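This briefing is for a reader who has not seen this structure before. Please look over the sequence and the model, then read the notes below.

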Amino acid sequence: MKNYLTRRNNDLFDEAFDSFFRPFYVDSESTFMKTDIKETDKNYVLDVEMPGFDKKEISLKFESGYVTISAKKEANETDGKYLRRERAVSCSRSYYMGDVDEKQIKAKYENGVLTVTVPKEKPEEARHHILID
């Protein structure tokens, strides 16, 4: 807790003004990997912000209806010791897609944005007839 009695008047005003623009609630999901999901007739398209990561540091997998995107930076402490680190060094997020054509999922990473195209399963392929005994 900060000691408000020992601060100068300008600091108190500056802090009140700065806190006005801060969100009331911040969770890790909203901070990292901001995502836009678009649906077309044939696909779901995810645009995931992943600035600062290299393509080789990103992995993508599909399992049980979920597309999971993960990224992890290599530890590089040779240039010095960090005093504060606000950029993500690892993150992961899953998106439920349901029945999709998992063999046709494609991904492209460009300018810090990962674009994942997930083809929908055709309705006639998604139907399963169940025999009643």
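Which residue in E7 is the bridge partner of Lys106? The partner is Thr117. This is a predicted model, in which local features need pLDDT of at least 70 and side-chain atom pairs count only at pLDDT 80 or more, while totals for chains, interfaces and linings use all residues. Residues are numbered from 1 along each chain as its sequence is written, and side-chain values use heavy atoms, with hydrogens and water left out.

**Overall make-up**

- The protein chain has three helices and seven strands; helices (H or I, at least four residues) and strands (E, at least two) are DSSP runs, numbered from the N terminus.
- Read from the N terminus, the elements follow the order α-α-β-β-β-β-β-β-β-α.
- Of the 133 residues in the protein chain, 20% are buried; buried means under 20% relative accessible area, exposed means over 50%, and partly exposed lies in between (1.4 Å probe, protein chains only).

**The four-stranded sheet**

- Strands in the order E1-E2-E7-E6 make an open sheet of four, with antiparallel pairing; two strands pair if DSSP finds at least two bridges between them.
- Strand E1 (35–39) and strand E6 (106–110) each have a single partner strand, so one side of each has no neighbour in the sheet.
- On average, neighbouring strands of this sheet are turned by 15 degrees against each other, direction ignored; the axes are lines fitted to C-alpha atoms, for helices over the stretch in contact, and angles run from 0 to 180 degrees between N-to-C directions.
- E6 and strand E7 (residues 113–119) run antiparallel and are joined by five bridges.
- Among the residue pairs linking E6 and E7, Lys106 is matched with Thr117, and Glu110 has Val113 as its bridge partner.

**The turn between E6 and E7**

- E6 and E7 form a hairpin with two residues between them.
- Asn111 lies in the loop between these two strands, E6 and E7.
- The phi of Asn111 is positive, at about 55 degrees, although Asn111 is not a glycine.
- Asn111 has a relative accessible area of 75%, so this residue counts as exposed.

**The three-stranded sheet**

- A second group, in the order E3-E4-E5, forms an open sheet of three strands, and here too the pairing is antiparallel.
- The edges are taken by E3 and strand E5 (90–96), each of which pairs on one side only.
- From one strand to the next, the twist averages 15 degrees.
- E3 and E4 run antiparallel and share six bridges, one of the matched pairs being Lys61 in E3 with Thr68 in E4.
- Strand E4 (residues 66–72) and E5 also run antiparallel, joined by seven bridges.
- In E5, Tyr95 is the bridge partner of Val67, and Ser92 is the partner of Ser70.

**The turn between E3 and E4**

- E3 and E4 form a hairpin with two residues between them.
- Ser64 is placed in the loop between E3 and E4.
- The phi of Ser64 is near 50 degrees, a positive value in a residue other than glycine.
- The relative accessibility of Ser64 is 64%, so Ser64 counts as exposed.

**Glu57**

- Glu57 lies in the loop between strand E2 (43–49) and strand E3 (58–63).
- Is Glu57 buried or exposed? With a relative accessible area of 16%, Glu57 is buried.
- The side chain of Glu57 reaches the backbone nitrogen of Asp54 at 2.8 Å.

**The largest pocket**

- The largest pocket has a volume of about 340 Å³.
- On a 1 Å grid over the protein atoms alone, a pocket is an open set of points where a 1.4 Å probe fits, with protein on both sides within 12 Å along at least five of seven lines.
- Grid points are joined across faces, edges and corners, and the volume is the space filled by probe spheres set on the points.
- Its lining holds 18 residues, and Phe32, Pro51, Phe53, Arg87 and Ala88 lie nearest the centre of the pocket; a lining residue has an atom within 4 Å of a point.
- The lining divides into nine nonpolar, two polar and seven charged residues; Ala, Val, Leu, Ile, Met, Phe, Trp, Tyr, Cys and Pro count as nonpolar, Asp, Glu, Lys and Arg as charged, and the others, Gly among them, as polar.

Terms used
Polar contact = N/O pair within 3.5 Å; in protein donor to acceptor, adjacent residues only side chain to side chain.
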